[in-house]
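Work through the exercises below with the coordinates open. Each task is followed by a solution in steps.

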Amino acid sequence: MRLLLHVPKAPDEWRDAFVRALPGTEVRAWAPGPAWQADYAAFWHPPRELLDGQARLKAAFNLAAGVDATLKSLALPPGVPLVRLEDAGMGKQMEEYVAWAVLRYFRRLDDYARQQARAEWRVHRPPRHDEFPTGVMGLGVLGLRLAAMLRALGFPVLGWSASRKVLDGVCTFAGAGELDAFLRATRALVCMLPLTPDTAGLLNRATLGRLPPGAYVINVARGGIVVDDDLLALLDSGHLAGATLDAFHAEPLPAAHRFWSHPKVFLTPHCSALTLVEDSVAQVAGKIRAFERGEAVTGVVDRARGY
């Protein structure tokens, strides 16, 4: 069996992990030129010509959960399934990050940080949990984990997705027709949506303005879902109380961007859930073995929907 590999960072670490996980498999790094015929390909930030001439490819694996960049940049052979990572060690990281962000706002730790800068001693009563409903936009593998985690922390949890989901203990909404009701009931909004033509710019002045006054936005998905200027305007007006942002239109975020200096914005460099080599390779290797046995696998991307 042959595996074609393309990863811009730590290529030797990835290769060695695949060799260990798939004994007997020849793993070769992609290089420009005549195609080395492979059975499977695994990649991150692939060049467009990566799969040119691949006549025997059975499946292609995107070494990340988001596939928007891959679908734009890569020429996929017809009929070859594209499979994305599902969790692969990212779920626990995402739970920790979102739990911290929600609790930071719930316990008003952002206010205390500003008070510290002014040497101001003032105590705030935290709200009750039932006064702080959290809403998760996007109920995929990671979104479902976040909804369960937030519920375990004692918050009322709402969930919104393009298609209907039924979850124990979570009030769910679906489709454009129920988006307003979801937003109006949400105090802390956690965005977990994939970036698709339908979600690009979805969080704009109109939609974010439907959140109740004093609401918070936490984006750990893709920067293209948020209209930056609209978010900034709602923060400036006081309608939104704060935003925690981990994904941006341009990365690295340009030094002149207002997010860096805005007093109500906390940002991180797209690190809420990093791809872990061993966990990711174990998942891909398991799915390759399933393909070889003729079994169905999960995580296959619907190219028409973009996720």
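**Exercise 1: a loop residue**

A10 has a relative accessible area of 36% and is partly exposed. The model is a predicted one.

Task: State where A10 lies in the chain, and justify its exposure class.

Solution.
- Step 1. A10 sits in the loop between strand 1 (2–6) and helix 1 (11–21).
- Step 2. Buried requires under 20% and exposed over 50%. A10 is at 36%, so it is partly exposed.
- Step 3. As a distance check, the C-alpha atoms of A10 and A65 are separated by 18 Å, and the two residues are 55 apart along the chain.

**Exercise 2: strand 9 and its neighbours**

Task: Determine which way the side chains of strand 9 point, and find the partners of L189 in strand 6 and strand 10.

Solution.
- Step 1. Strand 9 covers residues 188–191; A188 and V190 point one way, L189 and C191 the other way.
- Step 2. Buried or exposed? All four residues are buried.
- Step 3. Strand 6 (residues 134–137) pairs with strand 9 in the parallel sense, over four bridges. In this pairing G135 stands opposite L189.
- Step 4. Strand 10 (residues 215–219) also pairs with strand 9 in the parallel sense, again over four bridges. Here V217 is the bridge partner of L189.

**Exercise 3: aromatic pairs**

Task: Count the aromatic pairs in the whole structure, then classify W100–F266 and Y105–Y216 by geometry.

Solution.
- Step 1. The search of the whole structure returns 13 aromatic pairs.
- Step 2. For W100 and F266, the centres are 5.1 Å apart and the planes make an angle of 55°. Stacked needs under 30 degrees and edge-to-face over 60, so this pair is tilted.
- Step 3. W100 belongs to helix 3 (residues 90–106) and F266 to strand 12 (residues 265–267); they are 166 residues apart, and the pair links distant parts of the chain.
- Step 4. W100 is partly exposed because its relative accessibility is 37%. F266, with 30%, is partly exposed too.
- Step 5. Y105 and Y216 lie 4.1 Å centre to centre with 15° between the planes, and the pair is stacked.
- Step 6. This pair also links distant parts of the chain: Y105 is in helix 3 and Y216 in strand 10, 111 residues apart.
- Step 7. Y105 counts as buried because its relative accessibility is 2%. Y216 counts as buried at 7%.
- Step 8. Which aromatic cluster contains Y105 and Y216? The cluster is formed by Y105, F106, F132, F155 and Y216.

Key
Residues are numbered from 1 along each chain as its sequence is written. This is a predicted model: local features need pLDDT of at least 70, side-chain atom pairs count only at pLDDT 80 or more; totals for chains, interfaces and linings use all residues. Side-chain values use heavy atoms; hydrogens and water are left out. Buried means under 20% relative accessible area, exposed over 50%, partly exposed in between (1.4 Å probe, protein chains only). Helices (H or I, at least four residues) and strands (E, at least two) are DSSP runs, numbered from the N terminus. Two strands pair if DSSP finds at least two bridges between them. Rings of Phe, Tyr and Trp (its six-membered ring) pair if their centres lie within 6.5 Å; planes under 30 degrees apart count as stacked, over 60 as edge-to-face and the rest as tilted.
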